[in-house]
Amino acid sequence: MKREHKRTDMAPFECYIAGKPAKGFKLSYMTDAGGMAYQLIVSGVANGQPVLVQLTLDIDPYKNEDIPALPRQIVQLTPTAQLTTAK
């Protein structure tokens, strides 16, 4: 992605996949239309299986609610009581 978009900023962050700690990178770049795009690339292990999630958003995600409902079932920026206590 960094090669495809000039002036791409990349920042590591910690997050959760299905309530388990994971590692991620957030890429921020200008779109061809002149707006900003934010891409989350998250990897971790859930239920013993490796998981890689790539999600592109048009808003800078700061909280779980900034992620659409369906992907939020898999990726969380902060733990949720429901997911961290589920077995």
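1. K23 is counted as exposed in this predicted model, because its relative accessibility is 53% and the cut-off for exposed is over 50%. The side chain of K23 meets that of E14 in a salt bridge, with 3.6 Å from N to O. E14 is likewise on the exposed side of the cut-off, since its relative accessible area is 59%.

2. K26 takes part in a salt bridge as well, in this case with D60, and the closest N and O atoms of that pair lie 2.6 Å apart. The two partners come from distant parts of the chain, 34 residues apart: K26 belongs to strand 2 (residues 20–30), whereas D60 sits in the loop between strand 4 (49–57) and helix 1 (69–72). As for their surroundings, both K26 and D60 are buried.

3. The salt bridge between K63 and D66 has its closest N and O atoms 3.2 Å apart, and its two ends fall into separate accessibility classes. D66 is counted as buried because its relative accessibility of 16% is under the 20% limit. K63, with a relative accessible area of 45%, is partly exposed, a class that lies between the buried and exposed limits.

4. For a reader who wishes to place these pairs in context, a search of the whole structure finds 3 salt bridges. When inspecting the model, one may start from E14 and K23, which are exposed, then turn to D60 and K26, which are buried, and finish with K63, which is partly exposed, and its partner D66, which is buried.

Note on methods
Residues numbered from 1 in each chain as written. Predicted model: local features only at pLDDT ≥ 70, side-chain atom pairs only at ≥ 80, totals over all residues. Heavy atoms only, no water. Salt bridge = Lys/Arg side-chain N within 4 Å of Asp/Glu carboxyl O. Buried < 20%, exposed > 50% of the residue type's maximum accessible area, 1.4 Å probe, protein only. Helix = DSSP H or I, 4+ residues; strand = E, 2+ residues; numbered from the N terminus.
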